[in-house]
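Hi,

Here is the structure I said I would pass on. Have a look at it first, and my notes follow underneath.

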Amino acid sequence: MTVILHLRAETKPLEARAALTPTTVKHLISKGFKIYVEDSPQSIFHIDEYKKAGAIIVPAGSWISAPRDRIIIGLKEMPEEDKFPLVHEHIQFAHCYKNQAGWKDVLTRFINGNGTLYDLEFLENDEGRRVAAFGFYAGFAGAALGVRDWAFKNTHPDSEDLPAVSPYPNEKALIKDVVKDYKAALKRGAKTPKVLIIGALGRCGSGAIDLLRKVGVPEENIIKWDMKETARGGPFPEIAAADIFINCIYLSKPIAPFINFDLLNRSTRRLRTVVDVSADTTNPHNPIPIYDIATVFNKPTVLVPTKAGPKLSVISIDHLPSLLPREASEFFARDLLPSLEQLPERYTAPVWVKAEKLFNRHCARVYRSSKL
């Protein structure tokens, strides 16, 4: 049986990534897939690239009334204001399994429509590691904005905040802007920043380290922490002693906070910029309980109300890889491709692992994939 994929247009503001790229579309079609692609006004990929790859082009939002035999694939969550039942099979990041705000509403839509959710966050290999993730470019982009915010604070008055940012066409263009800001701060007399990264051994941490090296932060100023360094439990005074702190870990269970206001409200604090790549603002296990809103590209920072020390801001953008949408999409789609190629097997074998979520006396038949 032919597998039919329908790539929906992303609706989150400034979300320019795509779950399928023209490269992966061309490959899947060569394997017998049939693929529809919605004409997206904000995608980094021009619709002609998909058309050339062999996709059937359809209007944005047409997935809603598409035949039920299509698997709807996307990245970010659908608009919160949409309440209609979901009748299709959906492949996406649902953001439902860490008690995020609105998770019941999302899953209820699948129950009411008898639809199916294949949550990309739980697509894992036999070792329990995620198969496809945007972690590397999340860390890369987060570090880029962290350095830019630190530099901005050293070249502008406290009354001004880091201005709006927008997606870059490629990595080279992003690095050029970061280096320009970084050198301007040093020229104005700023000391070379110390950057502390928690989760340095993972994909996200690797991306952050890569960016810092490429823009010229000395190796000795890149403080790499992982499980060994955090084993004693927070809060950690070392974070307050750094200039930039980048959190690269995602939590599913409570731990002691990494930083608190007792450390922040000291005149000896050096910390000026926090980049929370996880941006789990509604997660009760957030280890950085010093802010409560997700920031956006149009307003990338939120002020932390401290009583002493220099101005402190948090960057908590929940789709940081969108800063480099083309590279991030290609990186992600390449890793996802082998799993998508297994989709035809779902018609003949139990290749999707079912997980049940209970709430409101209903059993939500939602699927978390461990294999495709």
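Which residues lie nearest the centre of the largest cavity? Keep in mind that this is a predicted model. The residues in question are Leu 7, Arg 8, Ala 18, Ser 40 and Ser 43, out of 16 that line the largest cavity. That cavity holds about 110 Å³ of space. Searching the whole structure for cavities of 30 Å³ or more turns up one.

Now for the domains. The assignment splits the protein chain into two pieces: domain 1 is made of 4–132 + 324–367, while domain 2 covers 134–323. Their C-alpha centres are 30 Å apart. Where the two touch, domain 1 puts in 24 residues and domain 2 puts in 25.

How much area do domain 1 and domain 2 bury between them? The figure comes to about 2100 Å², with 59% of it on carbon and sulfur atoms.

As for specific contacts, there is one salt bridge between domain 1 and domain 2. If you want a pair to click on, the side chains of Asp 318 and Lys 12 form a salt bridge, at 3.4 Å from N to O. Seven residue pairs are in polar contact between domain 1 and domain 2, counting pairs with both residues at pLDDT 80 or more. On the side of domain 1 that touches domain 2, the residues break down into 13 nonpolar, eight charged and three polar.

Cheers

Key
Residues are numbered from 1 along each chain as its sequence is written. This is a predicted model: local features need pLDDT of at least 70, side-chain atom pairs count only at pLDDT 80 or more; totals for chains, interfaces and linings use all residues. Side-chain values use heavy atoms; hydrogens and water are left out. Domain bounds come from an automatic or database domain assignment. Contact means heavy atoms within 4.5 Å. Buried area is the accessible area (1.4 Å probe) that two parts lose on being put together, summed over both. A salt bridge is a side-chain nitrogen of Lys or Arg within 4 Å of a carboxyl oxygen of Asp or Glu. A polar contact is a pair of N or O atoms within 3.5 Å; within protein, one must be able to donate a hydrogen and the other to accept it, and residues adjacent in sequence count only if both atoms are side-chain atoms. Ala, Val, Leu, Ile, Met, Phe, Trp, Tyr, Cys and Pro count as nonpolar, Asp, Glu, Lys and Arg as charged, and the others, Gly among them, as polar. On a 1 Å grid over the protein atoms alone, a cavity is a set of points where a 1.4 Å probe fits but cannot get out, and a pocket is an open set with protein on both sides within 12 Å along at least five of seven lines; lining residues have an atom within 4 Å of a point. Grid points are joined across faces, edges and corners, and a volume is the space filled by probe spheres set on the points.
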